[in-house]
Amino acid sequence: MMELLQKQRDFFQTQRSKQITYRKEALKRLQHEIIAREDLICDAIYADFKKPRFETIFAETQFVLAELKTTIKHLSTWAKPKRVRPSLVNFPSSDWIHKEPYGNVLIIAPWNYPFQLAIAPLIGAVAAGNTVVLKPSELTPNTSKIISEIIETAFAPEHVSVVEGGVEVSKALLSQKWDYIFFTGSTRVGRIVYESAAKHLTPVTLELGGKNPCIVDETASLDLAAKRIIWGKFLNAGQTCIAPDYILVHQTIKEELVEALKKHIEICYGTDIEASPYFSRTVSATHFNQLIALLEGQEILFGGRSNPEDNFIEPTLVNEPAMDSPLMKGEIFGPILPVISYKNDTDIAKVIDAYGKPLATYVFSNKKAFQNKIIDTYSFGGGAINDTLIQIGNKRLPFGGVGQSGLGAYHGKLSFNLFSHHKAIIKKANWLDIPLRYAPYNLPLHLAKKIKHFF
Ligand code: NAD
């Protein structure tokens with residue numbers, strides 16, 4: 001591991017990874033390898049936790065290919081020095097922002113979108129001219145293997161390498177000095193990563209989780225709201241960092257919403273959900289057991305069946321869980337959806353304020369004032385009005401958390417900027433040298449007090 005990092009450091013020193021053509025060629029090779037293996041990637045993620053092929057194509061391979069397409073197309077423009085207007089105080093000068101790679105980047109990825117969340121940040125890091133060591137999640141070993149194969153084929157190891165393994169490997173990597181660390185995973189491990197990075201003052205991006213509220217008021221288009229909530233919650237069996245964690249519904253329409261939710265679960269997955277090819281499994285026996293334990297003592301409105309042989313848990317609706325029950329303590333991250341009713345804004349605040357800032361928030365309402373109130377009042381990473389998850393579907397929008405849901409944001413051009421240090425450069429002309437700044441200071445102080453107009 002030490003050797004690999006040293007090799008990458010040496011390679012970075014050669015300046016090759018900074019060449020635009022080198023970066024582009026590397027990304028094109030990555031693109032080629034992903035296109036060639038799209039079916040194998042689907043097979044790998046299916047083998048890991050039965051993710052439906054459509055979901056892998058939609059949310060993993062095609063997502064990443066879209067990022068690659070945009071990045072390859074715009075890389076030369078993004079990498080160009082960006083001129084800014086000079087200030088009079090420096091006259092005469094020309095001023096610009098010079099984008100330089102940080103150097104040696106470490107990316108640590110989670111298991112839930114094991115391909116997308118490993119490769120999307122990698123694209124930004126390579127585009128910006130860095131070297132990368134990527135550690136995929138050990139909980140999705142088949143995906144980890146195919147990622148490793150793709151990277152080995154597409155990149156020279158001194159440029160980009162995969163290091164496979166679990167917590168110990170991750171810890172060993174974190175003990176090294178990196179120039180940038182990009183971490184996606186839980187808030188708990190995010191803290192560990194942040195502490196390790198602090199030792200070397202290494203900048204970090206932390207893409208973490210949270211308990212994402214989904215608020216449905218009495219004016220919402222209920223059937224459509226239910227359909228979109230069911231989609232966002234049960235895609236990937238609820239193992240999506242921006243999935244709605246719980247529903248807050250106005251008490252007057254709760255029953256109607258619950259009926260609509262049940263109806264849409266059946267439309268999507270049928271009555272024998274275990275036999276549905278469209279529903280993933282939870283990732284491991286440990287995760288399965290933790291989720292099943294959350295259901296203890298809860299009133300179940302729908303679902304609740306499970307099969308430990310296959311880590312299968314039915315989409316499950318829970319009625320009014322107590323706020324101090326384990327289900328409402330932390331992020332659920334599985335196919336369990338609590339439904340909580342509210343009477344007024346104070347009730348909403350009481351629930352949302354019980355947690356740290358979430359990664360996402362959703363509001364279903366046809367009242368503009370209510371939509372705006374939710375957006376303005378609560379702090380969260382990003383969200384949607386009258387839908388779920390779709391904020392990730394626009395590369396021009398930043399994707400990231402705030403507070404305990406994370407630090408930093410990426411996608412599209414923002415990924416390139418995230419992995420670039422923005423170096424301020426001023427080129428001073430020599431044909432004029434205004435003497436005012438040099439001692440002995442001759443400018444009367446009452447005139448010096450006007451200098452603010454010249455910065
Ligand atoms: P995790 O934090 O358990 O693991 C993430 C990575 O960290 C893995 O590669 C793992 O090997 C490594 N790791 C685990 N324990 C470690 C330790 N003690 N020291 C060093 N490294 C360690 O997260 P997970 O279970 O893979 O993913 C689920 C979590 O990730 C959820 O909380 C979810 O909300 C969050 N998530 C966030 C985003 C986002 O974009 N913000 C996306 C997906 C998942």
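How many salt bridges does the structure hold? The structure, which is a predicted model, holds 18 salt bridges, and several of them are described below after a look at the protein as a whole.

**Overall form**

The secondary structure of the protein comes to 15 helices and 18 strands. Along its principal axes, the C-alpha trace spans about 80 × 55 × 35 Å. A compact globule with 455 residues would have a radius of gyration near 23 Å, and because the protein has 25 Å, its value agrees with that expectation. Of the 455 residues, 52% are buried, while the surface that the protein exposes comes to about 21000 Å², with carbon and sulfur atoms supplying 56% of it. Among the contacts with a separation of 6 or more, 72% are made by residues that stand 24 or more positions apart.

**Charges and salt bridges**

The protein has 52 positive and 46 negative side chains, and the centres of these two sets lie 13 Å apart. In general, side chains of opposite charge can pair when their charged atoms come close. The table lists three such pairs, with the distance between nitrogen and oxygen.

| Salt bridge | N to O distance |
|---|---|
| E138 and K135 | 3.5 Å |
| E218 and K367 | 3.6 Å |
| D387 and R228 | 3.8 Å |

In the pair formed by E138 and K135, the partners fall into two classes of accessibility. E138 counts as partly exposed because its relative accessibility is 37%, whereas K135, at 2%, counts as buried because buried means under 20%.

The salt bridge of E218 with K367 brings together two loops. E218 lies in the loop between β8 (213–216) and α9 (222–234), and K367 lies in the loop between β15 (360–364) and α13 (368–377), so the pair ties together parts that are 149 residues apart in sequence. E218 is partly exposed, with a relative accessibility of 36%, and K367 is partly exposed as well, with a relative accessible area of 37%.

The side chains of D387 and R228 also meet in a salt bridge. This pair links distant parts of the chain, since D387 is in the loop between β16 (382–385) and β17 (406–407) and R228 is in helix α9, 159 residues apart. D387 counts as buried at 13% relative accessibility, while R228 is partly exposed, with a relative accessible area of 28%.

Salt bridges can also join into a network, as they do for K50, R281 and D310.

**Backbone features**

Most residues other than glycine have a negative phi, and most peptide bonds are trans. K50, a member of the network just described, has a positive phi near 55°. K50 lies in the loop between α3 (38–49) and α4 (53–79), and K50 is partly exposed, with a relative accessible area of 28%. E320 likewise has a positive phi, near 40°. E320 is found in the loop between β13 (316–319) and β14 (336–342), where this residue is partly exposed, with a relative accessible area of 32%.

Which residues are joined by a cis peptide bond with omega of about -5°? They are A439 and P440, and P440 is found in the loop between β18 (420–428) and α15 (445–448). The peptide bond from F91 to P92 is also cis, with omega near 0°, and P92 lies in the loop between β1 (82–84) and β2 (93–101).

Technical notes
Residues are numbered from 1 along each chain as its sequence is written. This is a predicted model: local features need pLDDT of at least 70, side-chain atom pairs count only at pLDDT 80 or more; totals for chains, interfaces and linings use all residues. Side-chain values use heavy atoms; hydrogens and water are left out. Helices (H or I, at least four residues) and strands (E, at least two) are DSSP runs, numbered from the N terminus. The radius of gyration is taken over C-alpha atoms; the globule rule is 2.2 Å times the number of residues to the power 0.38. Buried means under 20% relative accessible area, exposed over 50%, partly exposed in between (1.4 Å probe, protein chains only). Contact means heavy atoms within 4.5 Å. Accessible areas come from the Shrake-Rupley method with a 1.4 Å probe; for residues, only the protein chains shown count as cover. Lys and Arg count as positive and Asp and Glu as negative; His and the chain ends are not counted. The place of a charge is taken as NZ of Lys, CZ of Arg, CG of Asp or CD of Glu. A salt bridge is a side-chain nitrogen of Lys or Arg within 4 Å of a carboxyl oxygen of Asp or Glu.
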